[in-house]
Amino acid sequence: MTEPEPPPGQPCPIRDVLDRIGDQWSLLVLHELEGGTRRFNELLRGIGDISKQMLSRTLRRLEQDGFVRRTVFAEVPPRVDYALTELGRSFLDPMRGLVRWADTHHRRIVAARRAYEAQGDIRGDIRDGA
């Protein structure tokens, strides 16, 4: 079965997808769900520095895009579980590659940033025509 073509006028597929999963929190949420089904507070604790509002917004977007399935159980108090869908699981391999790459190269990136900032005064003079 082939995927349906997006309607005319849709944004570039690469930009559209990367804008959503490449935000500050989506990869961390997907990474947490890689270990299996989680409840909201488990995700909150696992990620650590995300607010409840931002986690809720991120989960909604991931659910909207088909990466995450939200299941509500009719209990008192209500229980809500989050899990990866088939689409979400299909993203794990590329995500792991990106995470490995980031781990491997993070020190070099930080060093490059520091070197760039150290040259800031020189670049500023050149840019300003001084």
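This passage walks through the nonpolar core, an aromatic pair, a strand residue and a pocket in a predicted model.

The core is a good place to begin. In soluble globular proteins, nonpolar side chains tend to be buried together. Here, the largest nonpolar core holds 21 residues, and the members that touch the most others are L30, L55, L59, V68 and Y82. Two or more residues come from each of α2 (26–33), α3 (40–47), α4 (52–64), β3 (79–84) and α6 (92–118). Among these elements, α3 gives the most to the core, with four residues.

Y82 deserves a second look. Leaving aside residues up to four places away in sequence, Y82 touches L33, G36, T37, R38, F40, L43, L59, V68, R69 and R70. Two of these partners, L59 and V68, are themselves listed with Y82 among the core residues that touch the most other members.

Next comes V72, a residue of strand β2. With a relative accessible area of 48%, V72 falls below the 50% needed to count as exposed, so this residue is classed as partly exposed. V72 and Y82 are ten residues apart in sequence, and their C-alpha atoms are 9.0 Å apart in space. Not counting residues up to four places away in sequence, V72 touches R79 and V80.

Aromatic rings offer another kind of contact to look for. A pair of aromatic rings is described by the distance of the centres and the angle of the planes. In this model the count comes to one aromatic pair. The ring centres of F67 and F91 lie 5.9 Å apart and the planes meet at 80°; an angle over 60 degrees counts as edge-to-face, so that is the name this pair receives. F67 sits in the loop between α4 and β2 (68–73), while F91 sits in the loop between α5 (86–90) and α6, so the pair ties together parts that are 24 residues apart in sequence. Both F67 and F91 are buried.

Finally, the empty space can be explored too. Rolling a probe the size of a water molecule over the atoms shows where empty space is left. The second largest pocket contains about 170 Å³ of space. Its lining is made up of L27, L98, V99, W101, A102, D103, H106 and I109. Helix α6 gives the most to this lining, with seven residues. By character, the lining residues of the second largest pocket comprise six nonpolar, one polar and one charged. Helix α6 thus appears twice in this account: as a contributor of two or more residues to the largest nonpolar core, and as the element that gives the most to the lining of the second largest pocket.

Note on methods: Residues numbered from 1 in each chain as written. Predicted model: local features only at pLDDT ≥ 70, side-chain atom pairs only at ≥ 80, totals over all residues. Heavy atoms only, no water. Core = buried A, V, L, I, M, F, W, Y, C linked by side-chain atoms within 4.5 Å. Buried < 20%, exposed > 50% of the residue type's maximum accessible area, 1.4 Å probe, protein only. Contact = heavy atoms within 4.5 Å. 1 Å grid on protein atoms, 1.4 Å probe; cavity = no way out; pocket = protein on both sides within 12 Å on 5 of 7 lines; lining within 4 Å. Points joined across faces, edges and corners; volume = space filled by probe spheres on them. Nonpolar A, V, L, I, M, F, W, Y, C, P; charged D, E, K, R; others polar. Phe/Tyr/Trp six-rings, centres within 6.5 Å; stacked < 30°, edge-to-face > 60°.
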